Amino acid sequence: MYSGAAAAGSPRRDFISVTLGPEEAVGVGGYNNSKAWRRRSCWRKWKQLSRLQRSVILFLFAFLALCGAISYTSMGETWKSITNKSLDDQRKEQEIPRLKLANPAVLPAPQKADANHRDYPELSLQKPPKLPHVRRGPSNLQIKAPQRDTRLKTRHDTMRAVEELVEVHKVEKTEKSIISWRGAVIEPDQSTEPPSSKIMEPEKPSSVEAEDRKEAVPINERQLAVIEAFRHAWKGYKDFAWGHDELKPLSKSYSEWFGLGLTLIDALDTMWILGLKEEFEEARKWVANDLVFDKNVDVNLFESTIRILGGLLSTYHLSGDSLFLEKAKDIGNRLMPAFKTPSKIPYSDVNLGRGTAHPPRWTSDSTVAEVTSIQLEFRELSRLTGDEKFRKAVDEVMKHVHILSGKNDGLVPMFINTNSGQFTHLGVYTLGARADSYYEYLLKQWIQGGKKENELLEDYTRAIEGVKKHLLQRSEPKKLTFVGELAHGHFSAKMDHLVCFLPGTLALGAHNGLAADHMKLAETLIETCYQMYAQVETGLSPEIVHFNLHAQKGHKDIEIKPADRHNLLRPETVESLFYMYRFTGDKKYQDWGWEILQNFNRYTRVPTGGYTSINNVQNPSNPEPRDKMESFFLGETLKYMFLLFSDDTDLINLDKYIFNTEAHPLPIWVPA
Ligand code: DMJ
């Protein structure tokens with residue numbers, strides 16, 4: 001029984017009573033639960049109600065329906081927000097590891113993924129979040145095509161930071177400032193032809209990723225001193241030699257070699273690395289408006305390749321500015337006639353405007369170092385343009401030299417004939433002038449190409465064995481290990497300053513997995529190269545030294561002949577110091593470099609701007625300035641100094657870049 005409404009005749013009440021008759025009771029009078037019966041029964045009951053009761057019931061139904069609708073809506077909102085919150089929470093949970101993963105400093109090596117799970121156990125419980133376009137920095141360089149604006153902004157930010165830094169330094173020397181290097185991202189411009197997929201398929205990170213990975217590293221006093229030295233040298237060049245090949249700082253004029261603004265081009269990437277924005281922009285304008293290769297001018301294939309082609313390519317890579325690639329393509333094409341020889345061993349000289357090439361007037365020989373030290377640049381040009389002709393031409397030279405007879409345990413003679421393709425002047429072996437960078441480029445090409453070209457490695461390791469067997473000796477009294485020369489079976493204790501590239505190259509090889517004794521040899525040789533400075537009156541090395549093989553009273557290890565006592569502001573020792581510091585972290589290498597910079601400042605700096613080569617490193621009171629600043633002083637010497645003093649291993653990361661023999665960094669190709 002259910003009672004809710006007032007019985008008929010009873011006083012009016014504000015409630016409804018529903019009385020069910022016995023026939024509706026379950027189980028009484030037989031059970032009839034058909035739909036029709038139920039419908040009829042309900043209808044009958046409804047009819048029996050008063051109008052008021054029916055109105056109240058209808059009102060109640062309407063009211064309940066309304067309440068139901070309202071509560072449904074609000075519950076839906078609540079549910080939705082609960083659902084959203086839990087998604088947000090999930091995202092936040094994922095955000096923590098994501099941020100950490102974006103920071104390379106805490107990035108585990110791929111094979112140590114478990115360690116990461118230990119650090120962030122929640123990651124192991126769920127499916128790893130999909131990272132929004134954040135990638136780890138690879139051990140090899142990744143090549144990308146990002147937005148131009150981002151690149152420019154990045155470059156300008158960096159340069160502004162340096163400028164501010166220099167200002168701060170002037171005002172308050174003790175206050176350390178921060179420079180955040182964000183460069184070092186190779187970026188083929190989207191408007192240029194993409195690299196041929198046949199040659200290489202580069203990975204493409206974004207510059208933003210590169211920025212995210214980079215921790216700010218403080219620039220230090222010594223680096224600022226290098227910036228100051230560069231600015232001083234640049235001032236001289238700008239005031240007296242703008243757009244010409246070399247500054248003559250004393251006569252406040254210039255000299256021409258190729259008439260192609262050699263110093264300016266050689267210095268472009270140094271300015272980028274040092275963060276010298278204004279200077280870079282000004283130089284860029286000159287390249288855009290005044291650098292013309294369509295000239296009736298003879299250039300040396302090797303020198304123009306390592307300084308101009310190399311300089312343009314590396315500046316293109318650092319800046320992402322396609323102007324430099326266009327110029328590189330232009331000169332690359334104009335140098336190609338050099339390879340049209342009977343043997344395919346290139347001539348030494350090319351006329352850029354006429355498209356003709358020839359050997360020097362007195363011989364049909366080329367220098368071995370010259371024909372085997374243009375490969376990094378031409379191979380890179382092929383990779384960037386997709387045009388294989390550049391690479392084919394220089395690879396052919398290497399293949400030819402690989403099988404050529406006349407080597408002595410991997411050591412090569414100094415000359416090669418462009419007609420016969422044979423070595424000439426057999427029997428003389430040196431790691432100095434005319435052979436030096438042959439050895440350097442064997443290793444560097446092998447690294448550039450992803451360590452796959454075994455013939456290059458084979459030639460390099462055999463040559464180092466040849467050096468050990470035939471050219472290494474120890475001096476007296478200090479027992480300095482040095483690299484001499486071999487002439488028709490006779491050992492000469494002569495060593496060019498040029499040979500001081502070798503410790504750096506050996507260290508680079510060891511870093512790339514070659515024998516540990518290469519590193520040991522690098523350590524002993526760099527000590528010798530340093531002594532070539534330290535034992536001299538000005539603290540600057542001469543061009544050539546002779547080592548004493550026998551102890552003599554009152555004699556040092558090093559003897560200098562009058563004809564050899566000049567210093568051309570060469571880079572090789574600071575270059576090797578840079579590699580040694582990068583790979584060992586031993587601060588003595590920085591200190592040695594610092595001494596050398598101070599001595600350059602003391603004896604070669606010209607007050608009105610620029611630095612000069614000197615004739616006599618043994619006379620501190622009159623080092624006899626030569627009135628010439630070589631382009632490699634800005635292209636190499638000061639660049640390597642700046643890098644040597646830096647503690648930022650990502651400032652031209654040696655696992656991503658390979659320096660050409662003129663200190664222009666080119667990318668190491670991503671291994672397939
Ligand atoms: C530079 O042009 C290059 O480093 C080359 O390999 C040797 N000579 C000068 C620097 O000394």
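**Reading the helices around α13, the ligand site and two backbone details**

Me: Which residues in α13 meet which residues in α14?

Reply: In this predicted model, Gln375, Phe378, Arg379, Leu381, Ser382 and Thr385 are the residues that α13 brings to the contact, and they meet Lys389, Phe390, Arg391, Val394, Asp395, Val397 and Met398 of α14. Sorted by class, the residues of this contact are 6 nonpolar, 3 polar and 4 charged.

Me: How should I read the arrangement of two such helices, and what is the angle between α13 and α14?

Reply: One looks at the angle between the axes and at how far apart they are. The axes of α13 and α14, the latter covering residues 389-403, cross at roughly 150° and come within 7 Å of each other. An angle over 145 degrees counts as roughly antiparallel, and α13 and α14 are therefore roughly antiparallel to each other. Their crossing is left-handed.

Me: What does the same reading give for α11 and α13?

Reply: Helix α11, residues 322-335, packs against α13, residues 375-385, at an angle of about 120°, and the two axes are 11 Å apart. That angle makes α11 oblique to α13, and the crossing of these two helices is left-handed. On the α11 side the contact is made by Leu325, Ala328, Lys329, Gly332 and Leu335, while α13 contributes Phe378, Leu381, Leu384 and Thr385. The contact of α11 with α13 has 6 nonpolar, 2 polar and 1 charged residues.

Me: And how does α10 lie relative to α13, parallel or oblique?

Reply: The axes of α10, residues 301-319, and α13 cross at roughly 40° and come within 10 Å, and the two helices are therefore oblique to each other. Here too the handedness can be read, and α10 passes α13 in a left-handed crossing. Thr305, Ile306, Leu309, Gly310, Leu313, Tyr316 and His317 of α10 make the contact with Glu377, Phe378, Glu380, Leu381, Arg383 and Leu384 of α13. These residues divide into 7 nonpolar, 3 polar and 3 charged. Following one residue across the contacts is a useful habit: Phe378 takes part in the contact with α10, in the one with α11 and in the one with α14.

Me: Which residues surround the ligand?

Reply: A ligand site can be read as a list of neighbours, followed by the polar atom pairs. The neighbours of the ligand are Ile306, Arg307, Leu498, Arg570, Pro571, Glu572, Phe632, Glu636, Thr661 and Glu662; Ile306 is also one of the α10 residues in the contact with α13. Among the polar pairs, a side-chain N or O atom of Arg307 is 3.4 Å from an oxygen atom of the ligand, the corresponding distance for Arg570 is 2.6 Å, and a polar side-chain atom of Glu662 lies 2.5 Å from a ligand oxygen atom.

Me: Where should I look for backbone details that depart from what most residues show?

Reply: Most residues other than glycine have a negative phi, and most peptide bonds are trans. Arg434, by contrast, has a positive phi, near 80°, and is found in the loop between β11 (428-429) and α15 (436-448). The peptide bond from Glu476 to Pro477 is cis, with omega near 5°, and Pro477 is found in the loop between β12 (472-474) and β13 (481-483).

Conventions
Residues are numbered from 1 along each chain as its sequence is written. This is a predicted model: local features need pLDDT of at least 70, side-chain atom pairs count only at pLDDT 80 or more; totals for chains, interfaces and linings use all residues. Side-chain values use heavy atoms; hydrogens and water are left out. Axes are lines fitted to C-alpha atoms, for helices over the stretch in contact, and angles run from 0 to 180 degrees between N-to-C directions. Helices (H or I, at least four residues) and strands (E, at least two) are DSSP runs, numbered from the N terminus. Angles under 35 degrees count as roughly parallel, over 145 as roughly antiparallel, 65 to 115 as roughly perpendicular and the rest as oblique. A crossing is left-handed if the near helix is turned anticlockwise from the far one by less than a right angle, and right-handed if clockwise. Contact means heavy atoms within 4.5 Å. Ala, Val, Leu, Ile, Met, Phe, Trp, Tyr, Cys and Pro count as nonpolar, Asp, Glu, Lys and Arg as charged, and the others, Gly among them, as polar. A residue is near a molecule or strand if one of its heavy atoms lies within 4 Å of it. A polar contact is a pair of N or O atoms within 3.5 Å; within protein, one must be able to donate a hydrogen and the other to accept it, and residues adjacent in sequence count only if both atoms are side-chain atoms.
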